[in-house]
Amino acid sequence: MNLKRVAAAGALLLLASCSTLTEATTQKPYAPSDGIRVHLDSDVVFENLMVVSDGSGEGVLYGLVNNRADQDQVASIVADEFEASFNVEAGSHVNFSSEEVAENDELILIEGDFQPGTNVSATIEAGGVETTSSIPVISACTSGYQESLPFTPDCD
């Protein structure tokens, strides 16, 4: 047998084994965003949860809560600096940071010493299940957030 063919077959076999030994990351749920994803159970999930602030003492709570259950749920986020509660209909979601919410001045404004790059510890609860999570604080000066804020961030 030709040495080149043996080497090529060996390389192909090696590459094929890489995919069988390594778990595909696309099969794992993850948050492809600036915020975090919090699973409370199989039916209630917070998505893209974050605080957007310029460090001046105020911020906006961003994210959505998705209710995959066949019954309505009340979901809440409680931190030292703020508290928010959401009534989420069965099979629906509440987006508390959409463009529509921002246009209607219904964003969740919060006050506290939020410094970009830090985290806010919060208890997140729905359907009798609760967990403590670290919600990231994202700079209000980041492109894409400045335009939707109800305050002018200090980006100097």
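Which backbone oxygen does the side chain of Asn67 reach at 3.2 Å? In this predicted model, the side chain of Asn67 reaches the backbone oxygen of Val88 at that distance of 3.2 Å, and the surroundings of Asn67 are taken up again below, after an account of the chain as a whole.

## Overall architecture

The protein contains two helices and nine strands, and, when these elements are read along the sequence, they follow the pattern α-β-β-β-β-β-β-α-β-β-β. Of its 156 residues, 35% count as buried, while the protein exposes about 9600 Å², of which carbon and sulfur atoms supply 48%.

Contacts between residues that lie far from each other in sequence are well represented in the model: among the contacts with a separation of 6 or more, 53% are accounted for by residues 24 or more positions apart.

## Nonpolar cores

The largest nonpolar core has 25 residues, and those with the most contacts inside it are Phe46, Leu49, Val51, Leu61, Ile77, Phe82 and Phe86. At least two residues of this core come from each of E2, E3, strand E4 (73–79), strand E5 (83–88), strand E7 (108–111), strand E8 (119–126) and strand E9 (129–139). A second, separate core consists of twelve residues and includes Val60, Tyr62, Val101 and Leu149.

Leu49 shows how one member of the largest core is surrounded. When its neighbours within four places in sequence are left aside, Leu49 is in contact with Gly35, Ile36, Val38, Leu61, Tyr62, Gly63, Ile77, Phe96, Ile124, Ile135 and Pro136; of these partners, Leu61 and Ile77 are themselves listed with the residues that have the most contacts inside the largest core, whereas Tyr62 is included in the second, separate core.

## The setting of Asn67

Asn67 lies in strand E3 (residues 58–67) and, at 1% relative accessibility, counts as buried, because the limit for that class is set at under 20%. Besides reaching the backbone oxygen of Val88 at 3.2 Å, the side chain of Asn67 reaches the backbone oxygen of Glu89 at 3.3 Å.

Not counting residues up to four places away in sequence, Asn67 touches Asp43, Val44, Asp72, Gln73, Val88, Glu89, Ala90, Gly91 and Ser92. Val88 and Glu89, whose backbone oxygens the Asn67 side chain reaches, therefore appear in this list of touching residues as well, contact being taken as heavy atoms within 4.5 Å.

## A salt bridge between E1 and E2

The count of salt bridges comes to one. This salt bridge is formed by Glu47 with Arg37, and the closest N and O atoms of the pair are 3.0 Å apart. Glu47 belongs to strand E2 (residues 44–53) and Arg37 to strand E1 (residues 36–39), so that the pair, ten residues apart, links distant parts of the chain.

The two partners fall into separate accessibility classes: Glu47 is buried, with a relative accessible area of 19%, whereas Arg37, at 25% relative accessibility, counts as partly exposed. The boundary between these classes lies at 20%, and Glu47 is therefore assigned to the buried class with its value of 19%.

## The disulfide after E9

One disulfide is counted, and it joins Cys141 to Cys155, with an S to S distance of 2.0 Å. The link of Cys141 and Cys155 is left-handed, with -100° about the S-S bond. Both cysteines lie in the segment after E9, so the pair ties together parts that are 14 residues apart in sequence.

Cys141 is partly exposed, with a relative accessible area of 25%, and Cys155, at 37% relative accessibility, also counts as partly exposed.

## Val137 and the loop between E7 and E8

Val137 lies in strand E9 and counts as buried at 3% relative accessibility. Although Val137 and Val52 are 85 residues apart in sequence, they are 5.7 Å apart in space, C-alpha to C-alpha. Leaving aside neighbours within four places in sequence, Val137 is in contact with Val51, Ser53, Phe114, Gln115, Pro116, Gly117, Thr118 and Val120.

Gly117, one of these contacts of Val137, has its place in the loop between E7 and E8. In contrast to the buried Val137, Gly117 is exposed, with a relative accessible area of 72%. Gly117 and Ser53 are 64 residues apart in sequence and 10.0 Å apart in space, C-alpha to C-alpha.

How values were computed. Residues numbered from 1 in each chain as written. Predicted model: local features only at pLDDT ≥ 70, side-chain atom pairs only at ≥ 80, totals over all residues. Heavy atoms only, no water. Salt bridge = Lys/Arg side-chain N within 4 Å of Asp/Glu carboxyl O. Helix = DSSP H or I, 4+ residues; strand = E, 2+ residues; numbered from the N terminus. Buried < 20%, exposed > 50% of the residue type's maximum accessible area, 1.4 Å probe, protein only. Polar contact = N/O pair within 3.5 Å; in protein donor to acceptor, adjacent residues only side chain to side chain. Core = buried A, V, L, I, M, F, W, Y, C linked by side-chain atoms within 4.5 Å. Areas by Shrake-Rupley, 256 points an atom, 1.4 Å probe, with all protein chains shown as cover. Disulfide = S-S within 2.5 Å.
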